[in-house]
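Biologist: I'd like a close look at one part of this model, and then a walk outwards from there. Could you take me through it in one go?

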Amino acid sequence: MQQKTFALAGTVIAIALLIPAGYALWKINGGTSGKSSAPSEITMLDAKAFGDLSNAAASGVSEGKGGGLGISESSSSMLVADDKMIAPGEPYPYEPTVYIYSFAEDLTPYLVDATGTVYERQAFSGFDGSTLNDIANAFSHLNIGAFLSGELTSFVLSSNGYILSVDTTGNMWSMYKDWTNYTWDESWTPLTAEDLPSDDAIIATAKDFANTWGIDVNGYGEPMIAEAEIALARSGATDIYIPESATVVFPVLVNGELVYPSWTNAPTGLRISINLRDMTVTNAYDALSQTYNASAYDLTQDTTLVGQLIAGGGSGPMAYEGIAINEVTVQLNAPERILMEYSLYEDGQSRTLFIPALRFTMQDPSQIPWTNGTITVPLVKDIAEAQAIVDDDVRVFDSVSSEPMVK
């Protein structure tokens with residue numbers, strides 16, 4: 001009798017959890033079954049509806065600060081010496097190299113708009129607590145009734161070798177392989193270019209996975225492979241590490257525009273990672289909500305300011321005093337206008353913004369092969385002006401001790 005009671009309780013829990021899980025996947029798929037998704041829904045608000053954006057930080061960049069004269073990963077505070085990354089406080093017998101980015105053409109044609117649209121991804125609506133009321137008596141030693149009157153903010157489910165995790169507070173869902181019973185190959189050797197499946201095969205695997213799990217990809221742009229190393233390996237490059245997996249990105253389109261985070265050359269969107277050895281999907285993730293608020297903001301038309309941000313790799317260049325610096329100029333190609341992913345932190349809450357920006361690529365990416373090869377400059381006036389201010393983060397060095405001093 002006890003076993004039957006336990007089994008019944010487990011069934012109730014499973015049903016209660018599968019209801020919101022099914023609803024979450026239904027919403028992920030655009031609220032339809034077997035039909036194409038509608039374009040992303042956008043609600044236009046009054047101008048400057050999101051408040052002062054000067055505290056917004058590029059996603060993945062700490063405090064929105066730049067790292068100084070041209071380190072392309074703009075959150076870095078590292079210098080480069082003889083192809084070696086060194087911390088500013090590390091004693092060095094080398095002459096540090098600092099990269100300065102340069103766009104030789106006139107910036108005026110790229111700064112003609114006085115205003116632009118900033119988008120904010122709407123928060124996921126969550127689930128009403130009433131969907132969980134049936135499990136109130138499922139745990140004999142725990143009274144969870146008080147919590148069941150609240151909201152379901154996250155849950156994890158397992159099925160057919162994969163785990164689904166839904167986080168409504170973080171506005172994110174993810175699926176990943178259940179590694180519990182996975183058998184590892186003990187005769188591992190590094191992959192070679194000859195081992196790589198074709199791009200078409202990799203993308204087809206991602207599409208098959210999406211179709212199997214009911215993930216609707218019709219509202220996205222054309223899929224692409226995120227890892228540049230794969231194309232380089234196929235081209236004959238021998239001095240690179242070939243990754244064990246490839247990430248297929250289905251780019252999200254906000255009002256028809258691509259969105260890019262600052263930390264990668266691949267756009268924001270649905271990401272599906274594939275093990276290149278057995279061509280199985282290891283994980284997939286995306287935002288729960290694809291609806292947005294929009295508001296008009298002033299854009300900078302200051303070519304001097306934008307030039308400073310370009311030189312600093314997306315933020316104002318910093319001065320390094322008291323040490324010898326080997327400056328290397330990195331020439332950039334003409335930019336494209338994109339939306340850049342930004343985060344705005346207010347009252348302990350993170351909000352995701354997509355702002356107008358210019359995205360530059362390097363004419364010779366091999367100059368700095370350890371970076372993503374791109375420089376992204378925000379155009380929203382509040383953010384651009386805040387990014388250029390580095391007076392409180394100037395690095396000054398004692399040329400004898402090589403220790404940083406506070407200025």
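How many residues lie between β16 and β17 in their hairpin, and which residue in the turn has a positive phi?

Modeller: Happy to, with the reminder that this is a predicted model. There are 5 residues between β16 and β17 in that hairpin, and the turn residue with the positive phi is M279, at about 55 degrees.

Let's start with the strands themselves. β16 covers residues 269-275 and is mostly covered, with 7 of its 7 residues buried. On the hairpin side, β16 runs antiparallel to β17 (residues 281-287), and 4 bridges join the two. If you want a register marker there, use I272, whose bridge partner in β17 is A284.

β16 has another neighbour too. Strand β13 (residues 245-251) pairs with β16, again in the antiparallel sense, over 7 bridges. The marker for that pairing is S245, which stands opposite N275 in β16. So much for the pairings of β16; now for a residue on the β13 side.

T247 lies in strand β13. With a relative accessible area of 10%, T247 is buried, since the cut-off for that label is under 20%. T247 also has a contact partner from elsewhere in the chain: I225 is 22 residues away in sequence, yet the C-alpha to C-alpha separation is 5.7 Å.

Back to backbone angles, as M279 has some company. N255 has a positive phi near 55 degrees and is a residue other than glycine. You'll find N255 in the loop between β14 (253-254) and β15 (257-260). N160 is another non-glycine residue with a positive phi, near 50 degrees. That one belongs to the loop between β9 (154-159) and β10 (162-167). N160 counts as exposed, because its relative accessibility is 68% and the label needs over 50%.

Now the surface. M172, W263 and Y285 form a nonpolar patch there, and together they have about 280 Å² of accessible area. M172 is found in strand β11 (residues 172-177). M172 is partly exposed, with a relative accessible area of 31%.

Next, the rings. The charged end of R359 sits over the ring of Y260, 3.9 Å from the ring centre. As for ring-on-ring pairs, a search of the whole structure turns up 7 aromatic pairs. One of them is F103 with Y110: their ring centres are 5.9 Å apart and their planes meet at 70 degrees, so this pair is edge-to-face. The two partners differ in cover: F103 is buried at 11% relative accessible area, whereas Y110 is partly exposed at 23%. Ring pairs also bring in F360, linking F103, Y110 and F360 into a cluster.

One more strand before I stop: β5, residues 97-102. In β5, 5 of the 6 residues are buried, so the strand is largely enclosed by the rest of the structure. β5 runs parallel to strand β20 (residues 326-331), and 6 bridges join them. To fix the register, take T97, whose bridge partner in β20 is N326.

To come back to where you began: the hairpin joins β16 and β17, with M279 in its turn, and β16 also pairs with β13.

Methods. Residues numbered from 1 in each chain as written. Predicted model: local features only at pLDDT ≥ 70, side-chain atom pairs only at ≥ 80, totals over all residues. Heavy atoms only, no water. Phe/Tyr/Trp six-rings, centres within 6.5 Å; stacked < 30°, edge-to-face > 60°. Buried < 20%, exposed > 50% of the residue type's maximum accessible area, 1.4 Å probe, protein only. Lys NZ or Arg CZ within 6 Å of the ring centre and 35° of its normal. Pairing = 2+ DSSP bridges. Patch = residues over 30% accessible without salt bridge, like charges linked within 9 Å, V, L, I, M, F, W, Y side chains within 5 Å. Areas by Shrake-Rupley, 256 points an atom, 1.4 Å probe, with all protein chains shown as cover. Salt bridge = Lys/Arg side-chain N within 4 Å of Asp/Glu carboxyl O.
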